[in-house]
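Work through the two exercises below with the model open beside you, and try each task before reading its solution.

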Amino acid sequence: MQLKYVTILIALGLEEVKEEEHMIFFRQLFVKVIKLNNWFLLFATLTLVFASSYFIYYLEPDTFASPFEGLWWTMTTVTTVGYGDISPTTVGGKLFAMFLYIVGIGLMTIFIGKAIDFLSIRKRLKEEGKLTITTEEHIILINWTKKASITLDEILHTFDDVRIVIIDEKIEKTPLIHEQVEFVHGNPANRDVLLKANLLKSKSVMVFASEDGVATSQADGQTLLIATTLESIGEEYSQNIYTICEVLESTHIPAFKHAAVEEFITANDTAAHLAARSILFNGSSEIIRQLTSHRGYDLYSIGKKAEWDTYEHARTELASQGAILLSNRNDLSIINQLKDSIPQGAKLFIICDEDAYANLLHQGVPAS
């Protein structure tokens with residue numbers, strides 16, 4: 001009797017061992033499937049879906065009028081939607097459907113999970129500035145500072161189609177999640193980081209002075225190093241990179257000119273001169289403030305309209321449309337050259353509101 005119980009216990013133990021071995025087998029199989037190469041998994045999933053579509057059509061041509069009907073049934077099956085509007089009726093078709101329940105649904109679940117993981121990883125890498133930028137005709141802002149933040153806000157409020165790329169090595173993630181803004185993490189004086197931001201396809205680059213509490217000479221030195229790197233990349237690829245630098249001390253400007261920097265923003269000197277003008281001519285600072293904000297009248301640039309022969313002609317037509325002609329690029333002296341012809345490639349700066357600017361573009365005045 002005791003021997004009988006021992007035999008039963010051994011048999012039960014063997015059954016448990018077998019079940020455990022089966023569980024281990026299926027667990028290992030599932031792990032191996034998850035670790036499959038993404039391209040192989042995609043190929044396997046597509047092969048299963050299309051092969052199943054034709055196979056069920058072959059098994060039951062009366063039920064499935066075309067391979068497309070088979071594709072419809074296969075997709076609703078492997079995605080567990082199961083509309084039930086069409087289903088196998090033969091034994092062979094039902095057996096194949098059971099096979100698809102087990103293999104197809106599992107494979108599709110893993111495929112969808114992989115796709116979600118890929119998108120999540122890409123989103124994280126994008127926020128951390130680790131992806132190569134493919135955007136073109138974008139503006140690059142180098143060094144994330146308070147002034148850079150204000151500049152970015154102004155651009156986003158003024159233009160709906162301008163793309164901006166921020167480069168900074170101090171922040172770990174993009175400072176702003178916005179469809180027009182991208183981020184590259186790294187040292188902006190490193191050529192690889194600049195090329196990663198698609199520098200050669202950019203419209204212009206703005207370098208902001210460091211706000212790390214260093215001396216102005218050291219901050220300008222860091223900005224100059226970045227500007228020199230930008231110029232060296234431009235020379236290497238025989239391409240002009242339009243560079244604007246924030247310079248803290250105006251005495252350092254000759255060094256920036258030597259580095260072929262196109263424009264300079266001397267914030268400290270500008271503030272001092274503006275304060276003096278405001279004291280002498282009350283209200284002048286408010287005019288400048290309005291022209292440097294996105295509210296009301298603003299500063300815009302346009303190209304030469306084909307019909308305009310002279311600056312006088314352009315000024316008269318612009319005035320009739322509610323715009324004031326200010327300069328050709330940085331040349332304000334055109335006010336004394338109204339009879340002169342407007343050169344081809346002119347970049348005319350005007351003052352007007354957003355509606356007047358939009359109306360000028362609508363009438364064929366080229367944007368610049």
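Two strands count as paired if DSSP finds at least two bridges between them. The model used here is a predicted one.

**Exercise 1.** Determine how strand S4 and strand S5 pair, and then place them in their sheet.

*Solution.* Begin with the two strands themselves: S4, residues 204-207, and S5, residues 243-246, are joined by three bridges and run in the parallel sense. Within this pair, methionine 206 lies opposite isoleucine 244 of S5.

Next, widen the view to the open sheet, whose six strands follow the order S3-S2-S1-S4-S5-S6 with parallel pairing. Strand S3 (181-185) and strand S6 (263-265) are at the edges and have a single partner strand each, so one side of each is left without a neighbour in the sheet. On average, neighbouring strands of this sheet are turned by 20° against each other, direction ignored.

Finally, add the helix H5 (residues 146-158), which packs on the sheet and touches strand S1 (139-142), strand S2 (164-168), S3 and S5, while its direction makes about 170° with that of S2.

**Exercise 2.** Describe how helix H2 and helix H4 pack, and sort the residues of their contact.

*Solution.* Start from the geometry: H2 (residues 38-59) and H4 (residues 91-127) pack at an angle of about 155°, and their axes are 10 Å apart. Because angles over 145 degrees count as roughly antiparallel, H2 is roughly antiparallel to H4. The crossing of these two helices is left-handed.

Then turn to the residues in contact, which include Leu41, Leu48 and Phe55 of H2 and Phe96, Val103 and Lys114 of H4. Sorted by kind, the residues of this contact comprise 16 nonpolar, six polar and one charged.

How values were computed: Residues are numbered from 1 along each chain as its sequence is written. This is a predicted model: local features need pLDDT of at least 70, side-chain atom pairs count only at pLDDT 80 or more; totals for chains, interfaces and linings use all residues. Side-chain values use heavy atoms; hydrogens and water are left out. Helices (H or I, at least four residues) and strands (E, at least two) are DSSP runs, numbered from the N terminus. Axes are lines fitted to C-alpha atoms, for helices over the stretch in contact, and angles run from 0 to 180 degrees between N-to-C directions. Contact means heavy atoms within 4.5 Å. Angles under 35 degrees count as roughly parallel, over 145 as roughly antiparallel, 65 to 115 as roughly perpendicular and the rest as oblique. A crossing is left-handed if the near helix is turned anticlockwise from the far one by less than a right angle, and right-handed if clockwise. Ala, Val, Leu, Ile, Met, Phe, Trp, Tyr, Cys and Pro count as nonpolar, Asp, Glu, Lys and Arg as charged, and the others, Gly among them, as polar.
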